[in-house]
Amino acid sequence: MTDPLSTTFAALADPTRRAILARLALGETSVSELAQPFEMSLPAVSKHLKVLERAGLIARGREAQWRPCRLEAAPLRDIAGWVEYYRRFWEESLDRLDAYLHELQKQQHASAQKEKKHGSSSKQRRK
């Protein structure tokens, strides 16, 4: 049994499934309408939908002959939370690196000023 986050990432790994989710973000639609932009059979699209459904990313209904699909955003929220944790980690790491580099630049600038000052005073003594 895989954890839900892994299942969601696996479902999102395929560009066709991401395109299906993008379409469903506009509103619910039928399987046949979802299949139209893809150069694949209806059964192939249904396989993609099953993967998305197992990941909890979509829900499928049945209303007479119409079988609407709709986006379920909860698993995407879980991924966003996971990504946010690491975004903060990298942002803080980069902020620390930035502060360190600024400190090095200050030290280099101070050292250059000191060298410049000592260099000009020794020239004055030689004259």
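**Helix salt bridges and a three-stranded sheet**

Me: By about how much of a helical turn are Arg87 and Glu91 separated in helix α5?
Reply: Arg87 and Glu91 are four residues apart in helix α5, so their separation comes to about one helical turn. Keep in mind that this is a predicted model. The side chains of this pair meet in a salt bridge, with N and O 2.7 Å apart. To return to your question, the separation is about one helical turn.

Me: Which residues are linked with Arg87 in a network of salt bridges?
Reply: Let's start with Glu84, whose side chain meets that of Arg87 in a salt bridge at 2.5 Å, N to O. Those two residues lie three apart in helix α5, which spans residues 74-126. Arg87 also has its salt bridge with Glu91. The network links Arg87 with Glu84, Glu91 and Arg88.

Me: Is Glu91 buried, partly exposed or exposed?
Reply: Buried means under 20% relative accessible area and exposed means over 50%, with partly exposed in between. Glu91 has 42% relative accessibility, so the class is partly exposed.

Me: In what order do the three strands form their open sheet?
Reply: Happily, the pairings settle this one. Two bridges join β1 (residues 29-30) to β3 (residues 68-71), and three bridges join β2 (residues 58-60) to β3. The pairing is antiparallel, and the order is β1-β3-β2.

Me: Which strands stand at the edges of the sheet?
Reply: An edge strand here has a single partner, so one side of it is left without a neighbour in the sheet. That description fits β1 and β2.

Me: Which residue in β3 stands opposite Ala59?
Reply: Ala59 belongs to the β2 side of the antiparallel pairing, as β2 covers residues 58-60. Ile58 stands opposite Leu71, while the residue opposite Ala59 is Arg70.

Me: With which residue does Glu72 form a salt bridge?
Reply: Glu72 counts as partly exposed, at 28% relative accessibility. Its partner is partly exposed too, with a relative accessible area of 39%. The closest N and O atoms are 3.2 Å apart, and the partner is Arg70.

Me: Is Thr29 in strand β1 buried or exposed?
Reply: Thr29 touches several residues, among them Leu24, Leu34 and Trp66. Its relative accessibility is 1%, so Thr29 counts as buried.

Me: At about what angle does helix α2 run to β3?
Reply: Helix α2 (residues 15-24) lies across β1, β2 and β3. Helix α4 (residues 42-54) also packs on the sheet, and its direction makes about 115 degrees with that of β2. For α2 and β3, the angle is about 90 degrees.

Technical notes: Residues are numbered from 1 along each chain as its sequence is written. This is a predicted model: local features need pLDDT of at least 70, side-chain atom pairs count only at pLDDT 80 or more; totals for chains, interfaces and linings use all residues. Side-chain values use heavy atoms; hydrogens and water are left out. Two strands pair if DSSP finds at least two bridges between them. Buried means under 20% relative accessible area, exposed over 50%, partly exposed in between (1.4 Å probe, protein chains only). Contact means heavy atoms within 4.5 Å. Axes are lines fitted to C-alpha atoms, for helices over the stretch in contact, and angles run from 0 to 180 degrees between N-to-C directions. A salt bridge is a side-chain nitrogen of Lys or Arg within 4 Å of a carboxyl oxygen of Asp or Glu. Lists of a residue's contacts leave out its neighbours within four places in sequence.
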